Amino acid sequence: MAKPTRITNSIRATREAAGMTQAEAARQVGVTRQTLIAIEQSKYSPSLELAFQLARLFGVAIDDLFQYPTDAPDGATA
């Protein structure tokens, strides 16, 4: 089983606030609804291009849509 990505996102909340269904959002950025579901559930990280397309679709900055933890990986020191 694939390990979920550490990247989190607020796509679902942003999409719902925009009054858009998963199918509509997926169609507008050229992916399947299943792909969008996997991204929303943080089971799949989109390509950089798709991340920008999603941010542009919702009119938000990419770092408002996607978050990456700032803590150091296990065993690493700063």
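**Exercise 1.** Determine which residues Arg-33 is in contact with, leaving aside its neighbours within four places in sequence.

*Solution.* Contact means heavy atoms within 4.5 Å. On that criterion, and with neighbours within four places in sequence set aside, Arg-33 touches Gln-22, Ala-23 and Ala-26. The model is predicted: local features need pLDDT of at least 70, side-chain atom pairs count only at pLDDT 80 or more, and totals for chains, interfaces and linings use all residues. Residues are numbered from 1 along each chain as its sequence is written, and side-chain values use heavy atoms, with hydrogens and water left out.

**Exercise 2.** Locate Arg-33 and classify its exposure.

*Solution.* Arg-33 belongs to helix H3; helices (H or I, at least four residues) and strands (E, at least two) are DSSP runs, numbered from the N terminus. Its relative accessible area is 41%. Buried means under 20%, exposed over 50%, and partly exposed in between (1.4 Å probe, protein chains only). Arg-33 is therefore partly exposed.

**Exercise 3.** State which residues of H3 are buried and what covers them.

*Solution.* Helix H3 spans residues 33-40, and Leu-36, Ala-38, Ile-39 and Glu-40 are buried there. Their cover includes strands S1 and S2 (66-67), together with helices H1 (11-17), H2 (22-29) and H4 (48-58).

**Exercise 4.** Describe the surroundings of Asn-9 in strand S1.

*Solution.* Asn-9 has 17% relative accessibility, so this residue counts as buried. A polar atom of its side chain lies 2.7 Å from the backbone oxygen of Ile-39. Beyond four places in sequence, the contacts of Asn-9 include Glu-40, Ser-42 and Phe-66.

Terms used: A polar contact is a pair of N or O atoms within 3.5 Å; within protein, one must be able to donate a hydrogen and the other to accept it, and residues adjacent in sequence count only if both atoms are side-chain atoms.
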